[in-house]
Amino acid sequence: MKFRALSLITIILLSACVEQVSLLPAGSQLLRNSDFSQSLDNVSPWVPISSPGFELGISDEIFRSGSRSVFIENTDIFNENTGTWTQVYNGSIPGPGQRVRLRAYLKGENIRLFTPNSNVFISLRFSPVKDNSGSLAGRFISSQQRVRIEGTFDWTPIELVVNNVPEDVESVAVFLVMGSRVTGKVYFDDVTLSVE
């Protein structure tokens with residue numbers, strides 16, 4: 001009888017020590033202010049990362065939904081920098097093996113690409129991620145979806161699917177980017193990061 005009781009207590013203690021991985025429900029939306037219209041004063045938590053030669057701003061005149069969008073503009077064909085809007089999500093992270101879908105809509109005005117690597121893209125960065133020795137220092141996994149769309153075009157969807165969220169993730173950063181050697185003006189709206 002004592003052996004059974006001791007075994008039961010041991011099992012209970014061991015199960016209490018095992019870390020539970022809770023999965024987020026399918027359809028969970030991880031980003032805030034996805035249509036940039038939550039506040040009349042700003043587009044927080046979206047943050048512009050300005051680079052020389054790029055203009056990053058908010059448009060109250062051109063938008064897909066809500067009442068505004070964000071834009072990135074460059075006029076210098078030799079500009080090797082990038083223009084970026086970003087948002088970092090630090091809430092409940094999808095569990096390992098869950099799939100996430102980043103979707104954004106973009107609209108272009110006179111977009112021109114000047115090298116084979118020039119493009120507009122969206123990106124996800126999962127941080128931190130353990131390396132082979134178990135270290136988390138400076139470690140991340142990044143995924144990108146690039147489009148080579150030129151000219152003037154209406155709202156067009158772009159998607160990035162990550163089929164297996166990595167382990168040990170504490171934050172996910174979303175980037176909306178006009179790459180180097182791209183000119184024109186690109187608008188972004190309706191940016192969502194959904195768990196599937």
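Strands (E, at least two residues) and helices (H or I, at least four) are DSSP runs, numbered from the N terminus. The model shown in these views is predicted.

**View 1. The whole chain holds one helix and 10 strands.** Start at the N terminus: the order of elements is α-β-β-β-β-β-β-β-β-β-β. The chain has 196 residues, and 43% of them are buried. Now take the contacts with a separation of 6 or more. Of these, 79% join residues 24 or more positions apart. About 10,800 Å² of the chain is exposed, with 51% of that area supplied by carbon and sulfur atoms.

**View 2. N79 sits in the loop between β3 and β4.** The two strands cover residues 69–74 (β3) and 83–89 (β4). Is N79 buried or exposed? Its relative accessible area is 5%, and the cut-off for buried is under 20%, so N79 is buried. Which residues does N79 touch, not counting those up to four places away in sequence? They are P52, G53, F54, N74, S180 and R181.

**View 3. F36 and W46 form one of two aromatic pairs in the structure.** The pair is tilted. The ring centres lie 5.2 Å apart, with 45° between the planes. F36 and W46 both lie in the loop between α1 (2–17) and β1 (47–49), so the pair ties together parts that are 10 residues apart in sequence. F36 is buried, at 0% relative accessibility. W46 is also buried, at 4%.

**View 4. Charged ends sit over the rings of F121 and F71.** For F121, the charge belongs to R146. The charged end of R146 is 4.1 Å from the centre of that ring. For F71, the charge belongs to K185. Here the distance to the ring centre is 4.2 Å.

**View 5. E196 and R99 form a salt bridge.** The closest N and O atoms of E196 and R99 are 2.9 Å apart. This pair links distant parts of the chain, 97 residues apart. E196 lies in the segment after β10, and R99 lies in the loop between β4 and β5 (100–113). E196 is partly exposed, with a relative accessible area of 34%. R99 is partly exposed too, at 34%.

**View 6. E159 and R103 form a salt bridge between strands β8 and β5.** Their closest N and O atoms are 2.1 Å apart. E159 is in β8 (residues 151–162) and R103 is in β5, so the pair ties together parts 56 residues apart in sequence. E159 is partly exposed at 25%, and R103 is partly exposed at 31%. Which residues make up the salt-bridge network here? R99, R101, R103, E159 and E196 are linked in it. The count for the structure is eight salt bridges.

**View 7. D154 and K107 form a salt bridge.** The closest N and O atoms of D154 and K107 are 3.3 Å apart. D154 is in strand β8 and K107 is in strand β5, 47 residues apart. K107 is buried, with a relative accessible area of 18%.

**View 8. S194 is placed in strand β10.** This strand covers residues 182–195. S194 has 19% relative accessibility, which falls under the 20% cut-off, so S194 counts as buried. The side chain of S194 makes a polar contact with the side chain of Q29, at 3.4 Å. Leave aside neighbours within four places in sequence: S194 is then in contact with S28, Q29, R99, V100 and R101.

Technical notes: Residues numbered from 1 in each chain as written. Predicted model: local features only at pLDDT ≥ 70, side-chain atom pairs only at ≥ 80, totals over all residues. Heavy atoms only, no water. Buried < 20%, exposed > 50% of the residue type's maximum accessible area, 1.4 Å probe, protein only. Polar contact = N/O pair within 3.5 Å; in protein donor to acceptor, adjacent residues only side chain to side chain. Contact = heavy atoms within 4.5 Å. Phe/Tyr/Trp six-rings, centres within 6.5 Å; stacked < 30°, edge-to-face > 60°. Lys NZ or Arg CZ within 6 Å of the ring centre and 35° of its normal. Areas by Shrake-Rupley, 256 points an atom, 1.4 Å probe, with all protein chains shown as cover. Salt bridge = Lys/Arg side-chain N within 4 Å of Asp/Glu carboxyl O.
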